[in-house]
Structure formats: structure tokens, C-alpha cells
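Got the model open in your viewer? Switch on side chains and keep the selection box handy, then follow along stop by stop.

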Amino acid sequence: MSDAPQVPTGIVIPTVDGSPSTSALGRAVVADALRSVAPSWAAEAGTTTNWRRDYLRHFHRLVEAGLPSREAALTVAADGLGALRSRMRYRMSPDLGEQPLDAAFDAPAGAPLRTVTVAGAGEVRRELVVPYRGERLHGASLDRQLDRWVEGGVIEASCAAALRTVAANPSWLALPDRPVVVLGAGAEMGPLTALLRWGADVVAVDLPRPAIWQRLLETAHRSGGRLHVPVSSPDDTELSRHAGADLLHDLRRVADWLGEVGGAPVLGNYVYADGPLNVRVAVAVDALTVRLRETRPDLALAFLATPTDVFAVPDDAVEESARRYAGAKGVGRLRGPLRVLSGGRLLAPNYPAGRYPGINDSLVPQQGPNYALAKRLQRWRAAHERAAGATVSLTVAPATRTRSVLKNRLLAAAYAGAHRFGIEIFEPATSNTLMAALLVHDLHVPRPGDTHPWQDEADAAAHGGLWRQPYAPRSALGLAVLFGFGVARG
């Protein structure tokens, strides 16, 4: 039996000195994205020796460098996208060399995917109902909870306004003539369940794994919507065994299949994977997006941004955070001694005084540079395509107790202790319903294409409190972990 490492195929990280290097890729992409607008920062990024430690500073600078103007932000986005596209590679088989990324669309496609449509037998829900802490919020109860979230700094007022608009227009929920392609259909944060519940048409793409499709098909049968499934076999028996497609290896067939979707489709990106695989899948989705946008100019795009990233935030968020810092209670009463003992590292203010817009830096070191790059790629694509005239929905989603997060012991502990710092961690059913409703809003009320990208990202954000809490998130992270471990022990 050989101990030689398996050679990855499909969309791959470029090889450096004989092996794939996500650190070399990240350094080069960030340096290229910064070069036109901040050459000195680009030089620092390109020569960083410990990327896994120092990436935090450089991803912060990607936002800061774009703040002076809309043009600067769009330049960072375009150059970052170009850098990834030019560097990522495609390998058809282990014994063949790396090729440019676009070779994925020239590879032999085999038999085309066909579509099987599953029509749900359930009732179409014609009202926005949000599951929350054992209740089903709608009407006045949803209104009151939106007020509490805004007052607590958990969501932006624009987020509450968008959700109220959707609640007042329940006919929007079914998205007539707007089929939604859900890439990563089985993702906990994806909108598939909510959209099917509301009677929408959902085109599902996920890996060909029977367990995933058994769950998705059961959801579809219970709903009032229609699920369109890619199938690679002429056999309709045991559909879950033949459903699915692999974006890393089967990009051409998926692009051809999605090119046949009728109506005015929406391409929703909800894919996630661990480590370097996350970058590979994110780039595969981005390449698919570019290909489909070339042939389907009516294609709308949808993304979820993670709150554990770097964002410019509105002036009132900075001011509210400062007020909370000045009047901090609970653990805030120990702020002075803790800051002295830690050399100023613990419980630092969330924002420097008097700097507007503020920059909220909620990057979490445990999530790593691959996660940061994959998520930043989506934000760059959203900004670039909106400026080009596309309808784009990109919403900052709240921190959520998904399986992918909770399997990391430190992150699970941080989530358990986050409430001590004014952060609300959501359950998946609440988050994915809220995010699906915000998608519906953005498809009916498109955002203007001539604003600064940071303003687009801040609009309707549901950040869970990270933007308006008193403390810089990483300066409170260690304490949140300690409190969270205490909850676990209890």
C-alpha cells in the first residue's frame, strides 16, 4: 500500500515547490488586490512569512484600502478576483499536469445531467413566520422581536425594515418566475427549506451523496414548492442514489444544466467546506458564476456574508458602541484591571474614537485564512457584479450554531459565552428563515448599483451584535471562551 499523498483533481490550489500552498496563494491574491490602491501594503502582504498568523492584518487592510472611494473598493475587488482566477488551476486526472482554470469548461462532459422535478404535497405557507426560541413569530410578535433586536444592537434597523416589508407583502414569498439555484443545497444556512415552504421553485445542487439527497427529498415532499434535481442516470428509482453533482470535477456539466433553467433565475452561493477545500469550492462557484453571467445576463446572484469578517460600519454603530463602552456593566466593571494585566489586549474599544465609518474587525483566528479568502471572494464578486448592473443580494448573516462551527471546541465555547458581551448566537432555523426573507426582499427591491460597496454590505445586516457591542471582538474572544467552557462544565 502506497503512502504517497493523493494528488487532488478538478479545481485545485496551485502547486508551489511540489505541493499545493494556500499560504502562497493567499499572500499573492491579497498583494495583487492591494497593489493598485495601496502599493506599500501590497508589498508587506506579499512578503509576509507567517501567513497563518499575519493574514488578519492584511484582510483588514483590504477593506481599509477601499474606503476612500467607490472606485478604490471596486479596484480591490476586481484585482482580487483576477488574481484568483489567474492563479487557480484545473487538473483533469492525477497523472496530468495543471491547466488554467477555464480548462474546467473544456473537459469532456459525458452525458448531460437531466432534471427530475419533485412537487411537494404540503401546504404553501403564505405568511412570513420565523421560528425563534420555541415560538413561531409572525405579525405583531415578529414586529416586537424585530424592535428588540434593533434596540439590542443585534440587527441593523434597515434589516428590520426589509423584513417588515416582506411580511407586508406575503405574495412575494413564492418568487413567481424566479427559480432559485441553491448551490450547497444541504447547507444549514441555505434558504432551501424556507423557499420550498413558501411555494418557490428551487434548483438544488449538492454533492452526489445519498444521505444529503434523502434529506432534501423528504423536505421537498413535505413542502408546497417544487425541487428540481440534477440526475446523472436514466434510472428514476431510488432518486437519492443518482442525484447530485460535484462542482470541483463536473463544472462543465453543471454549467450546461443550469444554462437551461427557465424564468429569471437566481444563483445562490451557500457552499462550505473545511480548510483548503473551501477555497477550491469557492473558486469553482465563482468560475461557474462568471460563465453563467456571460450567457444569462438576467441572472441574479445571492450570497451570505459571515459576520466574523471585516466590515465598514455606519456612524451610528460606532457611536452606539462607544456609549456602551462608557457605560459597560457586568464583566465591563473589570475592564480596567484586565486591560492593565493584559497589556491592553483584553476588552479594547470596538472602534478608535472619531473615525468614520468605523471598521469592525471580527475575524476569528481559529477560522483561518482559507475561510477568510473564500468569504472575501464572494464579497468581491457581489460588488463587481452589482457595479456591472446585476441584481445582487449579499446579506451579513448572524453567527449561528451550525454543525460546522460547533465541531470546533474553541468556537463552540466562544458561542456559549458570547451573550456576556451582547452577542446573540442564532439557531439555524431562525437564521436561514431570516436570510431567505432578506433574499426575497432584495429580489423585489433591488439595491442601487452606484453606492459604495461598504454601504451595500452594511445595509440590512444581521450581525448578531458584533458591530454595536463595546469591545473589539478579538479582545473579548478569550474571555468568551472561558465563560463558554464554564457553561459547558455546568
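Start with a sheet: select β1, β4 and β5 in this predicted model, and you'll have three strands forming an open sheet in the order β1-β4-β5, with antiparallel pairing. Which strands stand at the edges? They are β1 (10-12) and β5 (99-100); each has a single partner strand, so one side of each is left without a neighbour in the sheet.

Now zoom in on strand β4, residues 89-91. Two bridges join β4 to β5, and the two run antiparallel. To see a bridge partner, pick Tyr90 and look across to β5, where Gln99 sits opposite as its partner.

Next stop, the aromatics. Across the whole structure there are nine aromatic pairs. Select Tyr55 and Phe59 for one of them: the ring centres are 5.9 Å apart and the planes meet at 80°, which is over the 60 degrees needed, so the pair is edge-to-face. Colour helix α3 (residues 51-66) and you'll find both residues on it, four residues apart, or about one turn of the helix. Are these two buried or exposed? Tyr55 is buried at 1% relative accessible area, and Phe59 is buried too, with 1% relative accessibility.

Now jump to Tyr272 and Tyr371. This is another edge-to-face aromatic pair, with 6.2 Å from centre to centre and 70° between the planes. Where do the two partners come from? Tyr272 is in the loop between β12 (266-269) and α11 (276-295), while Tyr371 belongs to helix α14 (residues 368-387), so the pair ties together parts that are 99 residues apart in sequence. Turn on the surface here and compare the two: Tyr272 is partly exposed, at 42% relative accessibility, whereas Tyr371, at 16%, counts as buried because the cut-off for buried is under 20%.

For a bigger selection, take Tyr325, Phe421, Tyr471 and Phe483 together. Ring pairs link these four residues into a cluster. Keep Phe483 selected and add Arg420: the charged end of Arg420 sits over the Phe483 ring, 4.2 Å from the ring centre. That makes Phe483 a residue to look at twice, once as part of the ring cluster and once as the ring under an arginine.

Last stop: select Arg291 and Phe105. Which part of Arg291 sits over the ring of Phe105? The charged end does, at 4.0 Å from the centre of the ring.

Notes
Residues are numbered from 1 along each chain as its sequence is written. Side-chain values use heavy atoms; hydrogens and water are left out. Rings of Phe, Tyr and Trp (its six-membered ring) pair if their centres lie within 6.5 Å; planes under 30 degrees apart count as stacked, over 60 as edge-to-face and the rest as tilted. Buried means under 20% relative accessible area, exposed over 50%, partly exposed in between (1.4 Å probe, protein chains only). A charge sits over a ring if NZ of Lys or CZ of Arg is within 6 Å of the ring centre and within 35 degrees of the ring normal. Two strands pair if DSSP finds at least two bridges between them.
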